[in-house]
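Student: Hello! I am new to this structure and would like a close look at one part of it. Could you walk me through the hairpin and then set it in its surroundings?

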Amino acid sequence: MSTVDEVLVPSSDSFWEIDCYKTTVKRTEDGLHMCGELMKLIAERSEIEMKYSSKLKLWCKKWNDIIDKGTEYGTNKAILLGSLQEADEMGDVHNAIKDQLMVVHADLKKWKNDNFKKAMVTGCKEAKQFEDDFKKAQKPWAKKLAKVQKSKKDYYNACKQEKIASQQASSQTTDDQAKKWQEKHAKCQNDVEQTRDKYEEALKDLNSYRLIYTGDMTEVFDRTQKFEEKRLEHFKDILIGMHHCLDLTKINRINDIYKQFRQTIGLSDSSKDLKWWSQNHGVDMPMNWPEFEEFSMEQSSLTRKDKNRTSILISNHNDTIRSSKSLSHGLASKDSVRENRSLATERTAAFQANVNQTAPVPSNPFDEDDEEEDFSNQPGVPVQALFDYDGQEEDELSFKCGDTFVKLKDRDEQGWCTGRKNGQIGLYPDNYVKVINP
């Protein structure tokens with residue numbers, strides 16, 4: 001393997017040969033080409049980062065919907081959703097990398113435009129200028145070299161003719177022929193001497209110009225070296241910039257993302273999940289066991305509520321109420337709470353519109369004779385609304401999700417409680433609220 005430290009020997013493609021400077025000129029043109037190639041390289045890597053970011057975002061959204069609508073529950077559901085947050089945030093990181101790479105790309109583009117000026121036809125003006133300067137420096141040398149080569153050729157031809165004449169003169173058998181070749185041989189010897197003198201003179205003239213030639217060529221070559229040095233150094237800076245963009249170990253945010261990811265996984269609590277399931281779907285669920293109840297006018301007045309409407313309302317919100325109960329155990333994020341509340345409001349509105357259109361509330365023959373219980377002196381139990389509810393009749397309370405008021409009487413067999421809100425006493429569905437623990 002050759003190195004710059006090895007002894008160099010003259011060759012037919014030596015820089016000093018005529019027109020062999022063109023390789024150096026082409027290097028300048030290649031530098032322009034490499035600027036374009038490096039710009040493509042950076043742009044393609046930036047596009048990869050953008051596509052990867054987009055893929056992470058789509059993957060996160062897809063699985064967020066699947067998990068949210070799936071059968072997983074409790075803290076395990078929470079950590080699964082939390083694991084998707086890592087992908088969402090890493091998508092932001094890679095999108096930021098894309099933007100940073102395009103800044104590097106713009107820097108290279110500006111440097112290219114500042115240092116390479118396009119020629120009228122092809123290539124760049126800098127390469128054309130170097131070529132013209134090399135030609136100018138080499139032109140006198142080329143003329144002198146051509147003269148040396150011609151005199152050398154003439155000398156060699158004279159020597160050849162002299163050898164032939166000498167051989168012919170020595171091989172003749174007659175005196176006349178021998179004399180004729182001897183005269184020719186003498187003339188050839190004279191030509192040899194003359195061409196030799198011209199050859200030596202031309203070579204001497206060439207060698208005397210050598211220092212000027214090498215000096216002029218070196219001056220142009222040094223300028224090409226400095227120009228190329230600028231390109232190489234800037235390419236190095238560009239690659240350092242790429243490294244800075246792509247080195248994930250230097251991005252502090254990534255450490256925070258995976259630290260939070262690990263903390264989220266640590267929130268998994270199987271005992272809490274199993275307890276929640278038992279309370280909401282198992283043996284720890286409350287039950288209104290059947291028992292004997294005396295007839296009362298109040299109970300009769302409450303039966304005027306449409307049983308079908310009540311059962312449908314409870315069925316439509318069953319899943320959402322369970323989700324809200326899990327939220328009260330701290331198993332979901334604030335965003336999930338807002339989503340569940342919004343979902344409950346939409347379902348309630350849709351159901352109520354359907355009820356108003358298809359199932360009008362029947363009149364109650366006992367309206368005029370109802371006896372109302374006096375709740376004015378009862379302190380009651382504080383409760384908080386889990387969903388929005390608009391009262392359908394005058395004796396029903398209306399409230400928004402998050403409102404607090406007082407429960408005065410526990411639910412009846414139809415699921416209706418009596419409460420007081422802003423001084424108004426009325427009925428409301430029991431499964432729309434939760435008791436506020438003191």
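Tutor: Happily; here is the hairpin, followed by a surface patch and the chain as a whole. This is a predicted model, in which local features need pLDDT of at least 70, side-chain atom pairs count only at pLDDT 80 or more, and totals for chains, interfaces and linings use all residues. Residues are numbered from 1 along each chain as its sequence is written, and side-chain values use heavy atoms, without hydrogens and water.

Strand β3 covers residues 416-421 and strand β4 residues 424-429; the two run antiparallel, joined by six bridges. Strands here are DSSP runs (E, at least two residues), and two of them pair if DSSP finds at least two bridges between them. One of the partnerships links G419 to G426 in β4. Two residues lie between the strands of this hairpin, and in the turn N422 has a positive phi of about 55°.

Now to the patch. Helix α1, residues 22-69, contains W59; helices are DSSP runs too (H or I, at least four residues). W59 has a relative accessible area of 40%, so this residue is partly exposed, a class lying between buried (under 20%) and exposed (over 50%), with a 1.4 Å probe and protein chains only.

Finally, the whole chain. Its secondary structure comes to eleven helices and five strands, and 33% of its 438 residues count as buried. Among contacts (heavy atoms within 4.5 Å) between residues at least 6 apart in sequence, 74% join residues at least 24 apart.
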